[in-house]
Amino acid sequence: MATVDDRSIVAAQIGREPRAFSRVAVRCPFGFPAVSEQKPYDDDGKPFPTAFYLICPELVAAVDRLEAAGGVGRWSEQVRKSRRLRWSLWRATRRQRRLRRGQARPAGRMLDGGASLGLGIGGSANRRKLKCLHAHVAFALANPGYELGESIARELEPLWPESCESQRACGAGSAPA
């Protein structure tokens, strides 16, 4: 069986060529990409404000359902009420900013002059209001110990499905080599 590269698998999972793709940060129990790490800017210099991108089709669908059920507002309210969750979000936001600034230094062209490097998880400018639960779950999977993201991910239990949509989407009978 031919080996399939990660970028091709990610493209099959998300239905298009990935933009600003850096690497696979987390794999699912089946061995397929679950979270990718993105560069802060694509090759054209356009900002990509999400450091870690959720790409597992099953997890994306589960978070879609959570968001559709009012999850963003509910979790934003939890952050507002809980000092512990605010602290968790603050630390994770600082980590994301450091990672993105470190990646941008040698990158060169930044069409926004570097403005997006100061944004929080999921491209949020407001540290107390969440924007995208997908980005928080992805950040938590790639950065264990991010309490807020891990709390959101617990709502997806079981986190990993019993079967793998990526195997079908990628036309692969087994995980990448």
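1. A nonpolar core is taken here as a set of buried Ala, Val, Leu, Ile, Met, Phe, Trp, Tyr and Cys residues joined through side-chain atoms within 4.5 Å. The model is predicted, and the largest such core in it holds 34 residues. Leu130, Tyr146, Leu148 and Ile152 are the members that touch the most other members. At least two residues of this core come from each of strand 2 (33-38), strand 3 (52-54), helix 2 (57-68), helix 3 (71-81), helix 4, helix 5 (133-142) and helix 6 (147-154). The most is given by helix 5, with 6 residues. In soluble globular proteins, nonpolar side chains tend to be buried together.

2. Leu130 deserves its own entry. Neighbours within four places in sequence aside, Leu130 is in contact with Val72, Trp75, Ser76, Val79, Leu89, His136, Leu148 and Ile152. Leu148 and Ile152 are thus both contacts of Leu130 and, with Leu130, among the residues that touch the most other core members.

3. Helix 5 is largely enclosed by the rest of the structure, because 8 of its 10 residues are buried. The buried residues are Leu133, His134, Ala135, His136, Val137, Ala138, Phe139 and Ala140. They pack against strand 2, strand 3, helix 2, helix 3, helix 4 and helix 6. His136, one of these buried residues, is also in contact with Leu130.

4. On the aromatic residues: the structure holds 4 aromatic pairs. In one of them, Phe48 and Tyr53 have ring centres 5.8 Å apart and planes at 65°, so the pair is edge-to-face. Phe48 counts as buried at 7% relative accessibility, whereas Tyr53 is partly exposed at 27%. Phe139 and Tyr146 are likewise edge-to-face, since their planes stand at 85° with the ring centres 5.4 Å apart. Both Phe139 and Tyr146 are buried. Ring pairs join these two residues and Phe52 into a cluster. Tyr146 also appears in point 1, among the residues that touch the most other core members.

5. Arg100 should be checked. This residue, in helix 4 (residues 83-104), is buried yet has no salt bridge. The nearest side chain of opposite charge is that of Asp112, 6.4 Å away, against a salt-bridge cut-off of 4 Å. Beyond the neighbours within four places in sequence, the contacts of Arg100 are Pro40, Phe48, Pro49, Thr50, Ala51, Ser116 and Leu117. Phe48, one of these contacts, is the buried ring that pairs with Tyr53.

6. Disulfides number 0. Cys28 and Cys164 are the case to look at. The sulfur of Cys28 has its closest cysteine sulfur in Cys164, at 4.8 Å, which is too far for a bond, because a disulfide needs the two sulfur atoms within 2.5 Å. Both cysteines are buried: Cys28 has a relative accessible area of 9%, and Cys164 one of 3%.

7. Two backbone features call for a look. The peptide bond from Glu157 to Pro158 is cis, with omega near -5°. Pro158 lies in the loop between helix 6 and helix 7 (165-170). The other feature is at Ala20, where phi is near 65°, a positive value in a residue other than glycine. Ala20 belongs to the loop between helix 1 (6-14) and strand 1 (21-27) and is buried, with a relative accessible area of 9%.

Key
Residues are numbered from 1 along each chain as its sequence is written. This is a predicted model: local features need pLDDT of at least 70, side-chain atom pairs count only at pLDDT 80 or more; totals for chains, interfaces and linings use all residues. Side-chain values use heavy atoms; hydrogens and water are left out. Helices (H or I, at least four residues) and strands (E, at least two) are DSSP runs, numbered from the N terminus. Buried means under 20% relative accessible area, exposed over 50%, partly exposed in between (1.4 Å probe, protein chains only). Lys and Arg count as positive and Asp and Glu as negative; His and the chain ends are not counted. Contact means heavy atoms within 4.5 Å. Rings of Phe, Tyr and Trp (its six-membered ring) pair if their centres lie within 6.5 Å; planes under 30 degrees apart count as stacked, over 60 as edge-to-face and the rest as tilted.
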